[in-house]
Amino acid sequence: MEFGGICIVTDNAPRLAEFYKTVFQEEPFVEGSHYGFGSIAIYDPGDVNIATEKNVWLQCFAEDLDAEYARLLREIPGVEIISPPERRPWGAYSFWFADPDGNKIAVAQGTKNRKPD
């Protein structure tokens, strides 16, 4: 089995896609109510109850964590910061924030192919 990606189900795909467009600094692939950012999809299935409890975190990496944190604060006014940049007990230097639907995103110093600093 190989992991293919994740789909964030929402009742407002355009709003969430605009948020992630700023986060990832890329235009999404758009087809109807489906927005794709590589291995992350945002989808409004229509008449579906959207869970209010969010228990999945997206993990991202940034080469310059402090610069990325400052960019998000500047480009997304009112972004919900869960935890500012700090060294975690397990050694990672990271910050955590939430998207407009309450989904959590952790950003750690480093790259996908390298263990976080």
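The following legends describe close-up views of a predicted model.

**View A. The second largest pocket and its lining.** The second largest pocket has a volume of about 240 Å³. Its lining comprises 14 residues, of which C7, I8, V9, K54 and N103 are the closest to the pocket centre. Strand β1, spanning residues 6-9, makes the greatest contribution to the lining of this pocket, with four residues. Sorted by class, the lining of the second largest pocket consists of eight nonpolar, three polar and three charged residues.

**View B. D101 in the loop between β7 and β8.** D101 is located in the loop that joins β7 (93-98) to β8 (104-109). The relative accessibility of D101 is 17%, and this residue is therefore classed as buried, the limit being under 20%. When neighbours within four places in sequence are set aside, the contacts of D101 are V9, T10, R15, L16 and K54. Two of these residues, V9 and K54, also appear among those closest to the centre of the second largest pocket.

**View C. The cysteines C7 and C60.** Zero disulfides are found in a search of the whole structure. For C7, the closest cysteine sulfur is that of C60, at 16 Å, which is too far for a bond because a disulfide requires sulfur atoms within 2.5 Å. Viewed from C60, the closest cysteine sulfur belongs to C7, again at 16 Å and too far for a bond. As to exposure, C7 is partly exposed, with a relative accessibility of 41%, whereas C60 is buried, with a relative accessible area of 16%.

**View D. The largest nonpolar core.** The largest nonpolar core contains 24 residues, and F19, Y20, I42, F97, I105 and V107 touch the most other members. At least two residues of this core come from each of α1 (13-24), β3 (34-37), β4 (40-43), β5 (57-62), α2 (65-75), β7 and β8. Helix α1 supplies the most, with six residues. With residues up to four places away in sequence not counted, I105 touches F19, Y20, W57, L58, C60, F95, W96, F97, A98 and D99. The partners of I105 thus include C60, the buried cysteine of View C.

**View E. I76 after helix α2.** I76 occupies a position in the loop between α2 and β6 (80-87). Its relative accessibility is 11%, so I76 counts as buried. Apart from neighbours within four places in sequence, I76 is in contact with F19, T22 and V23. The C-alpha atoms of I76 and V23 are 8.5 Å apart, although 53 residues separate the two in sequence. Among the contacts of I76 is F19, one of the residues that touch the most other members of the largest nonpolar core.

**View F. Q25 and its backbone angle.** Q25 lies in the loop between α1 and β2 (29-31). The phi angle of Q25 is near 55°, a positive value in a residue other than glycine. With a relative accessibility of 55%, Q25 counts as exposed.

**View G. G4 in the segment before β1.** G4 belongs to the segment that precedes β1. The relative accessible area of G4 is 66%, and this glycine is exposed. Between the C-alpha atoms of G4 and H34 the separation is 16 Å, for two residues 30 apart along the chain.

Methods
Residues numbered from 1 in each chain as written. Predicted model: local features only at pLDDT ≥ 70, side-chain atom pairs only at ≥ 80, totals over all residues. Heavy atoms only, no water. 1 Å grid on protein atoms, 1.4 Å probe; cavity = no way out; pocket = protein on both sides within 12 Å on 5 of 7 lines; lining within 4 Å. Points joined across faces, edges and corners; volume = space filled by probe spheres on them. Nonpolar A, V, L, I, M, F, W, Y, C, P; charged D, E, K, R; others polar. Buried < 20%, exposed > 50% of the residue type's maximum accessible area, 1.4 Å probe, protein only. Contact = heavy atoms within 4.5 Å. Core = buried A, V, L, I, M, F, W, Y, C linked by side-chain atoms within 4.5 Å.
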